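Take a look at the chain below. This report walks through its parts, from domains to single residues.

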Amino acid sequence: SMFRIAAIPADGVGAEVVEAGRAVLDAVTGPGIELSWTEFDWGCDYYARTGRMMAEDGLEQLAGFDAIYFGAVGWPTVPDHVSLWGLRLAVCQGFDQWANIRPVRFLPGVTSPLRKADDTELDWIVVRENSEGEYAGLGGRNLAARGRGSEVAVQSSLFTESGCERIMRFAFDLARGRERRRLTSVTKSNAQQYGMVLWDEVFERVAADYPDVETDSCLVDAMAARFVLRPEDLSVVVASNLHADILSDLGSALTGSLGTAASANLNPERRFPSMFEPVHGSAPDIAGQGVANPIGAIGSAALMLEHLGFPDEAARVNRAVETVTAAGVLPRDLGGTATTKDVTSAVIDALG
Ligand code: NAI
Ligand code: MG
């Protein structure tokens, strides 16, 4: 069958890693799974020309696609909050992609700052609440006071019972399908007595429907330490928008580099297209040099294949990446000398 994919490379290394991921996808698909690509030139260059990060009817243009394959957004010429909200968050929120999954994957042959880097038992997934929480965009600035040193800004978090419940059910379902049936909830209810207490209460209530899944709850600061010192018993970790944003970067750094981490922004009801993107940003410091690590984008392509209903092809891609890193074909951020193209063609060769 034919799937329509929207590619949005956007800024910096986004173009390089999206090209890499597309090459792998085109190599792993064929008769039976055909991908038809449409590329969109939205991003910070588009902003310079038009004053917008994406077309005014951008969401309508994207709505008919089966999936969106995204690079990264952000460039020093545009304030980061403008570029992020104008494109990436506009798509996430516009398409109600309320579940963001970010696997923390340890690759063979890659040195990790974690002592147990070669412990293949280490493997967990961060599930991020992707529609509300600290990134709900609620608040304002007292602009009248600007320049007088007395400005006040308010940035509120929004936690709804239904928003908490759906992300927790999603995380429990994911945990239930894994070998280690455990879900850990990340909280900060000792200090944040409204939203995070609601979060905890919903977690406990939903847990009652999943007696076969072990649960525990951990304060976010302690969780940061646990990621580093005692991650062995983690399987699925559910956290709010901000907490999961930070923890997933920490998780990816623990695997060796931000460049290897993949993610999926899902609209689980499939009313709207879901979006697949590496966790990293546009990396202006290395953009255009052909040395970006494409593994995060390639892993995101595998998540897209899974979402489209092709778990075997997704597994083939992930195995090929492991073959390549085990053989020592590593990009610069992982301590090697392979270029983006070297890694990409090695992965394609290893698809088997
Ligand atoms: P970043 O992820 O772009 O870079 C952080 C560090 O990791 C840099 O040293 C970079 O060279 C390195 N790095 C990132 N991806 C890499 C890759 N694929 N291969 C090798 N090295 C890689 O984060 P930073 O510097 O904080 O932000 C840069 C821009 O990206 C900003 O405009 C920011 O707003 C945007 N951003 C966008 C995101 C998105 O589109 N999802 C996520 C995070 C940041
Ligand atoms: Mg982040």
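## Ground rules

Helices (H or I, at least four residues) and strands (E, at least two) are DSSP runs, numbered from the N terminus. This is a predicted model, in which local features need pLDDT of at least 70, side-chain atom pairs count only at pLDDT 80 or more, and totals for chains, interfaces and linings use all residues. Residues are numbered from 1 along each chain as its sequence is written, while chains are lettered from A and ligands numbered from 1 in the order in which they are written.

## Strand β1 and alanine 10

Strand β1 covers residues 2-10, and alanine 10 is part of it. Alanine 10 is not a glycine, yet its phi is positive, about 60 degrees. Most residues other than glycine have a negative phi.

Alanine 10 is also buried, because 29 other C-beta atoms lie within 10 Å. A residue is buried if 20 or more other C-beta atoms lie within 10 Å of its own, exposed if 12 or fewer, and partly exposed in between, with C-beta atoms placed from the backbone.

## Two domains

The domain assignment splits the protein chain in two: domain 1 takes 1-98 + 258-352, and domain 2 takes 113-254. Such bounds come from an automatic or database domain assignment. The centres of the two domains, taken over C-alpha atoms, are 24 Å apart. Eleven residues from domain 1 and ten residues from domain 2 form the contact. Two residues are in contact if their C-beta atoms, placed from the backbone, lie within 7 Å.

On the side of domain 1 that touches domain 2, six residues are nonpolar, four are polar and one is charged. Here Ala, Val, Leu, Ile, Met, Phe, Trp, Tyr, Cys and Pro count as nonpolar, Asp, Glu, Lys and Arg as charged, and the others, Gly among them, as polar.

## Around ligand 1

How many residues surround ligand 1? There are 22, and the closest are Gly74, Gly259, His280, Gly281 and Asn293. A residue counts as near a molecule if its C-beta atom, placed from the backbone, lies within 6 Å of it.

The shell holds ten nonpolar, seven polar and five charged residues. Helix α4 (residues 80-94) gives the largest share, three residues.

## Helix α1 and isoleucine 33

Helix α1 runs over residues 14-28. Its 15 residues should span 21 Å at 1.5 Å a residue, and its end C-alpha atoms are indeed 21 Å apart. The expected span is 1.5 Å times one less than the number of residues. Eleven of the 15 residues of α1 are buried, so the helix is largely enclosed by the rest of the structure. Among them are Glu16 and Arg22.

Isoleucine 33 sits in the loop between α1 and β2 (34-39). With 16 other C-beta atoms within 10 Å, isoleucine 33 is partly exposed. Beyond residues up to four places away in sequence, isoleucine 33 touches Ser1, Phe310 and Glu313.

## Helix α5

Helix α5 covers residues 161-176. Its buried residues are Gly163, Cys164, Ile167, Met168, Ala171, Phe172 and Ala175. Seen down the axis, they fall within an arc of 155 degrees, so they line one face of the helix. The arc is that of the directions from the helix axis to the C-beta atoms. An α-helix has 3.6 residues a turn, so residues three or four places apart point the same way.

The buried residues of α5 pack against β4 (99-104), β5 (124-129), β8 (182-187), α6 (195-207) and β10 (236-239).

## Helix α10

In α10, the buried residues include Glu313, Val317, Asn318 and Val324. The buried residues cover an arc of only 155 degrees, which puts them on the same side of α10. Pro311 and Asp312, on the other side, are exposed. The cover over the buried residues includes α1, α9 (295-308) and α11 (340-350).

After α10 comes glycine 328, with a positive phi near 85 degrees.

## Two arginines

Is arginine 105 buried or exposed? Arginine 105 counts as buried, because it has 23 C-beta neighbours inside 10 Å. Its place is the loop between β4 and β5. Arginine 105 and threonine 255 are 150 residues apart in sequence, but their C-alpha atoms are 6.5 Å apart in space.

Arginine 270 lies in the loop between β11 (262-266) and β12 (274-278). Arginine 270 is exposed, with 10 other C-beta atoms within 10 Å. Its phi is positive, near 60 degrees.
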